[in-house]
Amino acid sequence: MTLLLGNLKLQVLSSICQIIDTALDLEKALSEVLRILSESLSMKRATITLADPDNERLAITASHGLTREERQRGVYELDEGVTGLIFQTGKPYVVPDIRREPLFLDKTGSRHLERGRVSFIGVPITSHGRCLGVLNVDRLFGDEVAFEEDLSFLTVVATLIGQFLSLNEKIKAREEALVRENMSLRSQITREQRGPYIVGKSLAMQDVEHQVSKVAPTKATVLLLGESGTGKTLIARVIHELSGRKGKSFMKVNCASIPENLLESELFGYERGAFTGAVGSKPGRFEDAHEGTIFLDEIGELPLGIQAKLLRVLQDKEFERLGSNTTRKVDVRVVAATNRDLGELAERGAFRPDLFYRLSVFPVQVPPLRQRKEDIPVLLNHFIDKVAREYNRTVTFTPRALSDLTLYDWPGNVREMENLIERLVIMSDGERVDATFLKPYLSQNPSAQGGMQAERGGHQLRPSGLSSLKAMERSEVLAALRRNGWVQYKAAEDLGITPRQIGYRIKKYGLDQMLEQEAATHTRR
């Protein structure tokens, strides 16, 4: 009997060892172990219960003799029942008769049909002194064999399972390391080729970079949130460059800079005769971005009528050109950005709630520069290098000037910094910029509260002549609007700025109501 039992054990262990090559598919490998035990021995039921680090519970990962519903019920606290006791103590446990064992919970409900005695044995699954889970089985060899034989044999099987788990963990860790290394190398190559990359190593920007690295390889829609000038366009480009769509089109559309009556045709295209002046057919930005990425900046400014059409593109990947009944399919990844609260706009009825939820699949909050001041020196060096290549000259800052730049709140964020560095390179006579030379340039840039004041050891930066500068700029914007019939993009061209910039100034100086009134007057005429 002993000889036959020994041969049987060797055969079973040999069969289990042969499935080591399936360890990459952990659930399949564990299920195969239980199948071998069932076919070779007298085992009716068995479970492999592993610790889930996410919810700190034990859950059945593989089973034999249980239905799907019974297996799903097999979830335990780390110290619950016989399974929890084995996991906590790291020692095997024998239940000669489950009907007389108060610790046996039968959560799966798989043994309620048994009328006779059912014996139950559990052993810990360990690896390098760490308990990973529990192997539970009914009797293996029948009542004619002592429990010690079952325990001895199951301990060896649990050791093999522990090796499977350890191998699986190592391979997963190596895969994750390779993915991280791949992303790092791609980012490094991008930097060396002077492609787009995120500048800044503050915790806030590290979090943004981590989110970008996670979402970039997917097809998910991304919504970039943050103040104007924080670098949302750059981040959108990075998402595109790190995705499988790299090398395909990256289309940028500013929803605030295109007149409303032209925006629909700009996005979705038009057919000949769709409107006055449409002498031919023209594809829109979505068609141009096929298999690539489209970046919709200032999405909060999108008119409600166009929002419905955009929602359909996001959901069904289809649309019609203006003036056409032909449905067109398009494969485009959408990245949107806004400095407005879309949730609040949706509550007021100014933005479609269904579009808001569809855009918010993966929101990324881009922090303003005043919340990540540790990035300021790095960004300054980045823009100094960039401008140096363009103008073939460079500047450096005295310690006091660098301190002033670090204390400044940068209401225009990274965009303001880039423009400032360019002005300093143009205007400075020497290569070293001190605090005295720098002060007038900072004082012309009011903070979000209407002024800027930074203190450090009694040193203060205060705006000089700010009210007169604001009045002068407001007057120039107002005059340009009047000269161009209150058409924003024409006024922007007149002033030599972008439509987005003039839109910002219109809001900044409270000219939007006057603009609406004048537009209504022109319409009535």
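In this predicted model, helix 8 and helix 10 cross in a left-handed sense. The axes of helix 8, which spans residues 260–268, and helix 10, which spans residues 304–316, come within 11 Å and cross at roughly 15°. Because angles under 35 degrees count as roughly parallel, helix 8 is described as roughly parallel to helix 10.

On the side of helix 8, the contact is made by Glu 260, Leu 263, Glu 264, Leu 267 and Phe 268, while helix 10 contributes Ile 306, Lys 309, Leu 310 and Val 313. Sorted by character, the residues of this contact divide into six nonpolar and three charged, with no polar ones.

Phe 268, which takes part in that helix contact, also belongs to a cluster in which ring pairs link Phe 268, Phe 286 and Phe 319. In the whole structure, a search finds seven aromatic pairs, and two of the pairs are set out in the table below.

| Aromatic pair | Centre to centre | Angle between planes | Arrangement |
|---|---|---|---|
| Phe 356 and Tyr 357 | 5.3 Å | 50° | tilted |
| Phe 437 and Tyr 441 | 5.5 Å | 40° | tilted |

Within the pair of Phe 356 and Tyr 357, Phe 356 is buried, with a relative accessible area of 18%, whereas Tyr 357 is exposed, with a relative accessible area of 60%. As for the other pair in the table, Phe 437 and Tyr 441 lie four residues apart in helix 16 (residues 435–443), so they are separated by about one helical turn. Phe 437 counts as partly exposed at 28% relative accessibility, while Tyr 441, at 14% relative accessibility, counts as buried.

Note on methods: Residues are numbered from 1 along each chain as its sequence is written. This is a predicted model: local features need pLDDT of at least 70, side-chain atom pairs count only at pLDDT 80 or more; totals for chains, interfaces and linings use all residues. Side-chain values use heavy atoms; hydrogens and water are left out. Axes are lines fitted to C-alpha atoms, for helices over the stretch in contact, and angles run from 0 to 180 degrees between N-to-C directions. Helices (H or I, at least four residues) and strands (E, at least two) are DSSP runs, numbered from the N terminus. Angles under 35 degrees count as roughly parallel, over 145 as roughly antiparallel, 65 to 115 as roughly perpendicular and the rest as oblique. A crossing is left-handed if the near helix is turned anticlockwise from the far one by less than a right angle, and right-handed if clockwise. Contact means heavy atoms within 4.5 Å. Ala, Val, Leu, Ile, Met, Phe, Trp, Tyr, Cys and Pro count as nonpolar, Asp, Glu, Lys and Arg as charged, and the others, Gly among them, as polar. Rings of Phe, Tyr and Trp (its six-membered ring) pair if their centres lie within 6.5 Å; planes under 30 degrees apart count as stacked, over 60 as edge-to-face and the rest as tilted. Buried means under 20% relative accessible area, exposed over 50%, partly exposed in between (1.4 Å probe, protein chains only).
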